[in-house]
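Me: Please take a close look at one part of this model for me. I want the helix packing and the sheet it goes with, in one connected answer.

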Amino acid sequence: MTSDQEQPESAPEDAAAEPGPADARTPARGRRRWWRVTRRVVLLSVLAALLALVGSIGWVRWQASGHVYAIDDVPEAPVALVLGAQVHDNGSPSGFLEARLDIARRLYETGKVRAVLVSGDHGRWTYDEPDAMRQWLIERGVPDRKVVADHAGFDTYDSCQRAVRVFGVRQLIVITQSYHIDRAVALCRDAGIEATGVGDDTARRFGTFWTKAVVREQGACVKAMLDVVTGRDPVFLGRHETGVEDALRD
């Protein structure tokens with residue numbers, strides 16, 4: 001081979017950079033793989049959510065089974081626990097809350113309970129469910145010494161936990177609307193209280209509000225189950241209060 005023999009020309013750099021058919025398919029394959037993974041994650045998430053919903057509703061119904069009564073049939077108990085609901089700006093109870101309070105009044109008048117514990121939201125000074133509930137009962141003939149206010153019943157779980165851990169209640173009748181009563185009984189019984197329940201149906205007349213509450217209740221069962229599993233403390237636990245004991249002593 002002589003030094004002046006022609007050497008083969010190298011391929012242009014641009015030609016070497018051009019993608020072949022296999023390279024062109026790589027982005028498309030990546031996108032398909034990403035969609036497959038995404039669909040699986042979404043499907044598994046939906047299934048997990050459905051299992052949590054069905055499982056929590058089943059647990060609530062199982063816990064409450066045999067412990068929910070009509071007002072005329074409920075066994076006697078020392079205390080009625082009325083769970084809070086909306087209070088209007090003028091301090092009057094909403095229709096839902098008034099219906100709960102009326103059940104408590106009737107239970108007291110017929111001698112089925114000897115004291116009433118009203119538990120609701122008083123997280124800010126301008127909004128006070130327990131005092132509005134207490135005032136409503138007193139104005140309708142329940143002696144003031146028989147009505148005890150729990151100002152930190154921010155949700156059903158907190159109200160049940162505080163009933164036993166702060167006020168020392170071991171047996172009670174919990175009162176709320178019928179769509180909510182199973183969860184209320186379940187949470188009170190899980191807290192160690194011998195609880196029965198009476199649910200109100202008269203608030204069905206508030207059709208739209210009732211329907212929305214029924215739908216919301218399904219998700220609330222999941223939260224209830226989560227609270228039970230984690231065993232969280234109420235937002236405010238506090239020291240022992242003797243209000244219920246004093247009311248029962250009279």
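Reply: What follows goes from model confidence to the sheet, and then to the helix pairs.

The model is predicted. Its average pLDDT is 89 over the chain. A score of at least 70 is reached by 88% of the residues. Residues 1–6 are a weak spot, with pLDDT under 50 throughout. For that stretch, the model has 1 contact beyond four places in sequence.

Start with the sheet. It is open and built from 6 strands. Read across, the order is β1-β6-β5-β2-β3-β4. The pairing is parallel. At the edges sit β1 (68–69) and β4 (147–150), and each of these pairs on one side only. The partner of β4 is β3, residues 115–119. These two strands run in the parallel sense and share 4 bridges. Within that pairing, L117 stands opposite V148 of β4.

Now add the helices. Helix α3 covers residues 95–109. It lies across four strands: β2 (79–83), β3, β5 (171–177) and β6 (194–200). Relative to β5, α3 runs at about 145 degrees.

Helix α3 also packs on helix α4, residues 129–139. Their axes are 10 Å apart, at an angle of about 50 degrees. That angle makes α3 oblique to α4. The crossing of α3 past α4 is right-handed. From α3, the contact uses L97, E98, L101, D102, A104 and R105. From α4, it uses M133, W136 and L137. By class, this contact of α3 with α4 holds 6 nonpolar and 3 charged residues, and no polar ones.

The next pair is α5 and α6. Helix α5 spans residues 156–165, and helix α6 spans residues 178–190. Their axes come within 9 Å and cross at roughly 40 degrees. The two helices are therefore oblique to each other. Here too the handedness can be stated: α5 passes α6 in a right-handed crossing. On the α5 side, T156, Y157 and C160 make the contact. On the α6 side, H180, R183, A184, L187 and C188 do so. The α5 contact with α6 counts 5 nonpolar, 2 polar and 1 charged residues.

Helix α6 has another partner to consider, helix α7, residues 207–230. The axes of α6 and α7 lie 9 Å apart, at about 15 degrees. Angles under 35 degrees count as roughly parallel, so α6 and α7 are roughly parallel to each other. This crossing of α6 past α7 is left-handed.

Which residues meet there? From α6 come S178, Y179, H180, R183, L187 and D190. From α7 come W210, A213, V214, E217, A220, C221, A224 and V228. The residues in the α6 contact with α7 divide into 9 nonpolar, 2 polar and 3 charged.

Put the two contacts of α6 side by side. H180, R183 and L187 are among the α6 residues that meet α5. H180, R183 and L187 are also among those that meet α7.

How values were computed:
Residues are numbered from 1 along each chain as its sequence is written. This is a predicted model: local features need pLDDT of at least 70, side-chain atom pairs count only at pLDDT 80 or more; totals for chains, interfaces and linings use all residues. Side-chain values use heavy atoms; hydrogens and water are left out. pLDDT is the predictor's confidence in each residue, from 0 to 100. Contact means heavy atoms within 4.5 Å. Axes are lines fitted to C-alpha atoms, for helices over the stretch in contact, and angles run from 0 to 180 degrees between N-to-C directions. Angles under 35 degrees count as roughly parallel, over 145 as roughly antiparallel, 65 to 115 as roughly perpendicular and the rest as oblique. A crossing is left-handed if the near helix is turned anticlockwise from the far one by less than a right angle, and right-handed if clockwise. Ala, Val, Leu, Ile, Met, Phe, Trp, Tyr, Cys and Pro count as nonpolar, Asp, Glu, Lys and Arg as charged, and the others, Gly among them, as polar. Two strands pair if DSSP finds at least two bridges between them.
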